[in-house]
Amino acid sequence: MTKQKEISSAVIARLPRYYRYLGDLRDNGVERISSLELSRMMNVTASQIRQDFNHFGGFGQQGYGYNTEYLYAEIGKILGLDHKHNMILVGAGNLGSALIKYMNFRNRGFYFKAAFDINEALYDRQIAGIDVYPMERMASYIRDYSIDIAVLTIPKAQAVKVAEVLSGCPIKAIWNFAHTDLNLPGRIKVENVHLSDSLMRLSYEIHRYEESVSEQNSAAQAEEN
Ligand code: NAI
């Protein structure tokens with residue numbers, strides 16, 4: 001693999017999508033795929049795919065196309081998916097419970113080990129086999145169980161305070177769903193997730209489409225008159 005430091009975040013952002021498509025191809029028994037075929041499936045250009053892959057040495061396209069299994073494994077390694085990641089959940093409410101119950105994270109190597117919450121009523125319960133503990137136990141749990149990632153599904157107003165506590169713990173990353181962008185200095189990586197951003201983009205597309213249909217109708221009517 002070539003020097004990853006110089007690779008743009010736009011290229012890195014596309015890798016999970018390649019990984020997903022290649023996983024499906026592999027599961028369907030497709031052994032080789034050309035950049036053209038992959039580009040048609042993914043609705044991107046073949047040259048974009050080749051350029052992206054060239055950042056990592058090209059993945060040895062020889063003869064007809066890429067070896068699907070190899071490409072899947074290599075992109076997985078770049079994404080760090082050849083390592084197991086231990087995670088904790090902070091905020092065992094609706095969203096947090098849904099994330100714990102989603103088993104596919106585990107298939108990708110992301111394991112929820114425990115959940116933490118301020119609500120005492122949750123302490124005698126399990127969510128999909130995962131125990132819920134008081135917040136006071138969080139820091140020692142992170143140390144004792146080599147937790148890499150904290151998943152934050154708490155109210156926005158609590159997020160900064162909890163992130164400050166987490167920044168004193170040996171975690172590597174925060175997957176933040178609270179509706180505030182966390183910017184932690186230093187070694188802890190943060191991925192801020194806002195599903196509503198995606199919904200707003202969808203809303204924009206709906207309105208843009210409706211406007212263009214309405215403009216076309218007005219133009220057609222004007223021509224008729
Ligand atoms: P919820 O009210 O069902 O769950 C929140 C949980 O956090 C509760 O169990 C509560 O006791 C716990 N909590 C509150 N303060 C805490 C603290 N300081 N430490 C530990 N636990 C604490 O809420 P829900 O629906 O699960 O949403 C959680 C958060 O996720 C909200 O901030 C919501 O706005 C956000 N959200 C974000 C989305 C996104 O795309 N980023 C999508 C949906 C919700």
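Over which ring does the charged end of K84 sit? In this predicted model, the answer is Y111: the charged end of K84 lies 4.9 Å from the centre of that ring. A second pairing of this kind involves R137, which lies over the face of Y133 at 4.3 Å from the ring centre.

Y133 also leads into the ring-to-ring contacts. Twelve aromatic pairs turn up in the model. One of them joins Y133 to Y141, and it comes out as tilted, with 5.8 Å from centre to centre and 40 degrees between the planes. Both partners, Y133 and Y141, are buried. Y141 then takes part in another pair, this time with Y145, and here the rings are stacked: the centres are 4.2 Å apart and the planes sit at 20 degrees. The label follows because planes under 30 degrees apart count as stacked. As for exposure, Y141 has a relative accessible area of 7%, so it counts as buried, whereas Y145, at 43% relative accessibility, is partly exposed.

Y141 deserves a few more words. Its place is in helix 7, which covers residues 138–144. Setting aside neighbours within four places in sequence, Y141 is in contact with I88, K113, A114, F116, Y133 and I147. On the distance side, Y141 and C169 are 28 residues apart along the chain, and their C-alpha atoms are separated by 9.8 Å.

Elsewhere, ring pairs tie Y18, F53, F56, F59 and Y66 together into a cluster. Two of those names, Y18 and F53, come up again in the helix packing, where Y18 belongs to helix 1 and F53 to helix 3.

Now for that packing. Two packed helices are described by the angle between their axes and the distance between the axes. For helix 1 (residues 9–27) and helix 3 (residues 46–54), the axes come within 11 Å and cross at roughly 110 degrees. These two helices are therefore roughly perpendicular to each other, because angles of 65 to 115 degrees fall in that class. On the helix 1 side the contact is made by V11, R14 and Y18, and on the helix 3 side by Q48, I49, D52 and F53. Sorted by type, the residues of this contact are four nonpolar, one polar and two charged.

Helix 1 also packs against helix 2 (residues 35–42), with the axes 11 Å apart and an angle of about 105 degrees. That makes this pair roughly perpendicular as well. Here R17, Y18, Y21 and L25 of helix 1 meet L38, M41 and M42 of helix 2. The contact of helix 1 with helix 2 holds six nonpolar residues, no polar ones and one charged. Y18 thus appears on the helix 1 side of both contacts, facing helix 3 and helix 2.

Two acidic residues give a feel for how sequence spacing and spatial distance line up. D131 is located in strand 6 (residues 130–134) and, at 30% relative accessibility, counts as partly exposed. D131 and K113 are 18 residues apart in sequence, with 8.1 Å between their C-alpha atoms. Not counting residues up to four places away in sequence, D131 touches A114, A115, R125 and Q126. A114 is also among the contacts of Y141.

E215 sits in helix 9 (residues 195–224). With a relative accessible area of 54%, E215 is exposed. E215 and V190 are 25 residues apart in sequence, and their C-alpha atoms are 43 Å apart in space.

The backbone has a couple of quirks too. Most residues other than glycine have a negative phi. A128 goes the other way, with phi near 45 degrees, and its place is in the loop between strand 5 (126–127) and strand 6. S146 likewise has a positive phi, of about 45 degrees, although it is not a glycine. The loop that holds S146 runs between helix 7 and strand 7 (149–152).

Key
Residues are numbered from 1 along each chain as its sequence is written. This is a predicted model: local features need pLDDT of at least 70, side-chain atom pairs count only at pLDDT 80 or more; totals for chains, interfaces and linings use all residues. Side-chain values use heavy atoms; hydrogens and water are left out. Axes are lines fitted to C-alpha atoms, for helices over the stretch in contact, and angles run from 0 to 180 degrees between N-to-C directions. Helices (H or I, at least four residues) and strands (E, at least two) are DSSP runs, numbered from the N terminus. Angles under 35 degrees count as roughly parallel, over 145 as roughly antiparallel, 65 to 115 as roughly perpendicular and the rest as oblique. Contact means heavy atoms within 4.5 Å. Ala, Val, Leu, Ile, Met, Phe, Trp, Tyr, Cys and Pro count as nonpolar, Asp, Glu, Lys and Arg as charged, and the others, Gly among them, as polar. Rings of Phe, Tyr and Trp (its six-membered ring) pair if their centres lie within 6.5 Å; planes under 30 degrees apart count as stacked, over 60 as edge-to-face and the rest as tilted. Buried means under 20% relative accessible area, exposed over 50%, partly exposed in between (1.4 Å probe, protein chains only). A charge sits over a ring if NZ of Lys or CZ of Arg is within 6 Å of the ring centre and within 35 degrees of the ring normal.
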